[in-house]
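These are my notebook entries on the structure shown below. I looked up the confidence, the chain pairing, the sheets and the aromatic contacts in turn.

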Number of protein chains: 2
Amino acid sequence: MSEHTARRPVLGTAASAEIFTRIITHGPVSRLDIGRLTGLSQAKVTKTVSPLIADGFVTVGEHAEHAFPGRPVRPLSVVPRSMIAVGVKVNADEIFAVTVSLGNEVIGSTRRRLTGHAPETTITAIVKSVTALVDQLGDDARFLTGVGVSVSGDIDTADGIVRDSPLLGWTHVPLGSLLSERLGLPVIVENDVRALAKSEQWFGVGTDADSFAIITIGAGIGCGIYVNGDVVVGAHGVAGEIGHLPLGPSDALCVCGRRGCVEAVASSHAIRDAVCQGHDDPTLTLADAIRLAHEGDPSAVDAFERAGTAIGAAVATTVNLFGPEVVVIAGEGVMDYDLYERRFREEFLAHVFGTAANCRLIVRRHTFVDWARGAAVAALREAISVAPGGPSD
Amino acid sequence: MSEHTARRPVLGTAASAEIFTRIITHGPVSRLDIGRLTGLSQAKVTKTVSPLIADGFVTVGEHAEHAFPGRPVRPLSVVPRSMIAVGVKVNADEIFAVTVSLGNEVIGSTRRRLTGHAPETTITAIVKSVTALVDQLGDDARFLTGVGVSVSGDIDTADGIVRDSPLLGWTHVPLGSLLSERLGLPVIVENDVRALAKSEQWFGVGTDADSFAIITIGAGIGCGIYVNGDVVVGAHGVAGEIGHLPLGPSDALCVCGRRGCVEAVASSHAIRDAVCQGHDDPTLTLADAIRLAHEGDPSAVDAFERAGTAIGAAVATTVNLFGPEVVVIAGEGVMDYDLYERRFREEFLAHVFGTAANCRLIVRRHTFVDWARGAAVAALREAISVAPGGPSD
C-alpha cells in the first residue's frame, strides 16, 4: 500500500480545536452561536475559521439566513469529505470496517470473517480491509486522515497498545505501531465502547445532551460515559466496566474469573450457556436460545429475564452515580430487546433514585456499522485534537 | 444583623476565573506555570492578575525563586483573608458552622444542638451560629463573601432549594432565600457530599489528582465524584447516590423505601438497628454497637462486617465505572474504620476490575469541621464563578 500524507487541519490551540469541533457537531452554525457555545470571542472565532475555509475544511452557507432583527447570517458547515477516516472494529471471529467522512457519512463498509484471532492473523485481515476501502475511495484517498481500530478490553490509547483483551486473548499487543507501519497512515487504538461514546458525543445524543451513558448489550456488557465535557477514560485506562459490577447472582462465575458480575448472566455467551444447560444440549447456539425464548421456552425465557434483571440493576447503578441526561441502550443485544425489556424496566425502576429517574432512556436500533463508525470517529477526533497545556491564542 | 456588602473579585470571564482558581489551589505559583496549567497565554495571565493584586486578593512572592536558567520567578499566592466564607452543615440533631478563609484556614467554628429539625427551628439556629461567627471576625467581617449551607439529599443549588432531604424530612424548602433575607449575605445551598468533593478538589487530593471519588460513611453513605475537570452534579440534580446502589442483601429494607440498598445495611442507623435486633434491646445506641463490636460481640461484629461488605462492593462499582486516580474514604464512620476494614477490602478486591484496581485508597481522619468546611468552600467557589457562555477575553 502506498504511503499517504495524512490530511489534517492546522489547529494550534485548544480553543481553535474547540471552534472547529463545534462546526463539526453543530453545523450549520453561525459565528455568533459558536462564540456563545464556546465562550470564545468573535475575533478568535473569525481568526480560527479563516484558514479552515481557505484549506477547504469549512464552508460558508450559500443561502444566507436572516437573523431577526439584524444582518444576514451565513452559517458555517464542514466540507463533509474534507477528512475521511477508516474505522475498524475487531471481534473474535470477524472484523467490520467502514469509511466515514467528517460529515458522518458512511462512504464504504466491509465485513471479513477471521479464521482465528491471533494478532498476526487479525492484523493481516485489518490491512486487507483497510486497503480495499482506501482503493474504493479513488481520488478521495487524498483526504484520508487516519485509521481508528476499536477493541474490547483494557487499551492504552496513548501508545496504541492492547493491554488486555479477554475476548481476543491478547495481552500487550502494540497494535497501533504494527498497523501504522503496514498501512503508512496514523492509527489510533481505542476501547470499543469508549469509541462508540465518542462517536455518540459528536454525532449522536451528545449534540443535544450535556451528559449521557451508552450501554452496549452483546458478547460483553459495556458502558461509555460522557460527563463534564468529555468521555470518561479512567485514570488507569479502565472505566465503564458495567459488565463487571457485582450485580449478578453472587454464585454466577464470570469469564473474567470473578463471581457475581453482570456479564456472568447477561452476556450473550452466558445466556446461550444457560439455555444449553436447561436443555442439557451443548450444541445450542445463541440463535437457538433467541428462537426458543420467542417460542416461550421456560429455560430460555428465564435466561433472558435474568439478563434483563442484571442489566436493569446496572443501568440504575450508573444513573444513581452519574445522573446522566440520557441513557442509550445499544449493541447487538438490542435486536432482541423485547426478551430483556420487562425485567430490565422493573429492575431499573425498583432501584433508580429520586430525580435521577428523569433521565431519558433510548433504545438504539443496532447496525453492524455502528461499532466500526465509532473507531473511525475516534480517528477523526484524534486528528483535530491539540495537546493540552499549549498556548491558547 | 447588619447588612454586608459581599466581598468578591471582579472576574469578567471564565478564563480569568480559571487563572484565579489556579492561584488559590496551586499557589505559590509562577505566571509561567499558570499559563502552562491553564493553556492560557502569558498576556492573559498578566491582564487577569494585575487587578487581583491591586484589589488585595493576590500577592507577589517576596522571596524570588530563581528559575535555572532564567529570570527570578516571583510566585503568586492568594491573600488568605482577602475572602472569608461561613460554612454550615445541617444535621438532623445539630448544626456545625465554620469560618474559612480563601487560604483554607479555619478561623472559627461552632456546634449547636437542635431541639428539632423543622425548617424554622433550623433556620433560626443557622442565623444564630452565623451571626456569632461573623461577630467573632470583628474588622475582618468586611472580607465576608457569603454563606454556604450543606444538606444531605436532593438540592437545587441554582435556586437554593432543598427539594428532598429524607434525613431532615424536608421537601421544597427555599432555604437559600429564607437565609439570605435574614443574614443579608449571599447564601449558596449545596448537597453535603458534593460540597465536600468541591472542597477536596480545591484543597485536598484534587490538587494533585485528575480524578477522585470521596466516599462518606456515617448516617448515610455518600459519594462525590470529580472527573473531566469538575464535580459530577447530575443532569437532574442527583448523582453520587452510592448509598442507594442495589448492592446490599436483596431483602434489606432501606429508609428510602427501596430494597437492597447499600444504606439498608451500612448506614449507622442500619448498624444500630441490627445490633438492637441481635440483642433484642431497642435502647442500644450506635455508641453501644461500636463498643460491643470492639468487644467481639458476634451480632455487633456481624453488623459492621455486613456494612463493610456492602461498602466494599459499592466502592469497587464506583471504581469500575469511572476509574478514578484516588478514592478517599471519609465521614464519621471512618472513626471506627477498623470494624469495617477487613470485609471492605476483601469485597473491594473481589470485584474491582483490571488496572482500575491501581487507584489509591486513602482513609481520611474525620473531624467535625470537614463537612462545614465543604459548605464554606462551596460559597467561596460560587463567589468566583462566572456564568458559562460569556465572552472569554
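Entry 1: terms and model. I take helices (H or I, at least four residues) and strands (E, at least two) as DSSP runs, numbered from the N terminus. I note that the model is predicted. For chain A I read an average pLDDT of 91, with 94% of the residues scoring at least 70. I marked residues 389-393 of chain A, where pLDDT stays under 50. For that stretch the model has 15 contacts beyond four places in sequence.

Entry 2: the two chains. I laid chain B on chain A and obtained an RMSD of 0.1 Å, using a turn of 180° and a shift of 0.0 Å along the axis. The two copies are thus related as by a two-fold rotation axis. Which C-alpha of chain B is nearest the axis? I found that of Asn228(B), at 2.9 Å from the axis. I then compared the interfaces: 100% of the interface residues of chain B are also interface residues in chain A, so the copies meet through the same surface.

Entry 3: the sheet of chain A. I traced an open sheet of five strands in the order β15-β14-β13-β16-β17 (chain A), and its pairing is mixed. At the edges I noted β15 (230-231) and β17 (360-363) of chain A, each of which pairs on one side only. Strand β16 (residues 326-330) of chain A runs parallel to β17(A), and four bridges join them. Within this pair, Val327(A) has Leu361(A) of β17(A) as its bridge partner. I also looked up what packs on the sheet: helix α11 (residues 337-351) of chain A touches β13 (212-217), β16 and β17 of chain A. The direction of this helix makes about 165° with that of β17(A).

Entry 4: strand β13(A). Is this strand buried or exposed? I found that six of the six residues of β13(A) are buried, so the strand is largely enclosed by the rest of the structure. Phe212(A), Ile214(A) and Thr216(A) point one way from β13(A), while Ala213(A), Ile215(A) and Ile217(A) point the other way. I followed β13(A) to strand β14 (residues 221-227) of chain A, with which it runs antiparallel over six bridges. A hairpin through three residues joins β13(A) to β14(A). With β16(A), β13(A) pairs in the parallel sense over five bridges. Ile215(A) has a partner in each of these two strands: it stands opposite Cys223(A) in β14(A), and its bridge partner in β16(A) is Ile329(A).

Entry 5: the sheet of chain B. I read five strands in an open sheet, ordered β15-β14-β13-β16-β17 (chain B), with mixed pairing. β15 (230-231) and β17 (360-363) of chain B stand at the edges with a single partner strand each, so one side of each is left without a neighbour in the sheet. I checked strand β14 (residues 221-227) of chain B, which two bridges join to β15(B) in an antiparallel run. There, Val227(B) has Asp230(B) of β15(B) as its bridge partner. Helix α6 (residues 192-203) of chain B lies across β13 (212-217), β14, β15 and β16 (326-330) of chain B, and runs at about 135° to β13(B).

Entry 6: aromatic pairs. How many aromatic pairs are there over all chains? I recorded 13. The rings of Phe304(A) and Tyr340(A) have centres 5.4 Å apart and planes at 85°, so I entered the pair as edge-to-face. Phe304(A) lies in helix α10 (residues 298-322) of chain A and Tyr340(A) in helix α11 of chain A, so the pair ties together parts that are 36 residues apart in sequence. Both Phe304(A) and Tyr340(A) are buried. In chain B, Trp202(B) and Phe203(B) have ring centres 5.6 Å apart and planes at 80°, so this pair is edge-to-face. Trp202(B) counts as buried at 3% relative accessibility, whereas Phe203(B), with a relative accessible area of 23%, is partly exposed. I also listed one aromatic cluster formed by Tyr337(A), Phe344(A) and Phe348(A).

Entry 7: Ala356(A). I located this residue in the loop between α11 and β17 of chain A. Ala356(A) is buried, with a relative accessible area of 1%. Not counting residues up to four places away in sequence, Ala356(A) touches Val319(A), Asn320(A) and Val238(B). I also took Ala356(A) with Ala316(A): they are 40 residues apart in sequence and 8.9 Å apart in space, C-alpha to C-alpha.

Notes. Residues are numbered from 1 along each chain as its sequence is written. Chains are lettered from A and ligands numbered from 1 in the order in which they are written. This is a predicted model: local features need pLDDT of at least 70, side-chain atom pairs count only at pLDDT 80 or more; totals for chains, interfaces and linings use all residues. Side-chain values use heavy atoms; hydrogens and water are left out. Copies are superposed by least squares on the C-alpha atoms of residues with pLDDT of at least 70 in both. Contact means heavy atoms within 4.5 Å. pLDDT is the predictor's confidence in each residue, from 0 to 100. Two strands pair if DSSP finds at least two bridges between them. Axes are lines fitted to C-alpha atoms, for helices over the stretch in contact, and angles run from 0 to 180 degrees between N-to-C directions. Rings of Phe, Tyr and Trp (its six-membered ring) pair if their centres lie within 6.5 Å; planes under 30 degrees apart count as stacked, over 60 as edge-to-face and the rest as tilted. Buried means under 20% relative accessible area, exposed over 50%, partly exposed in between (1.4 Å probe, protein chains only).
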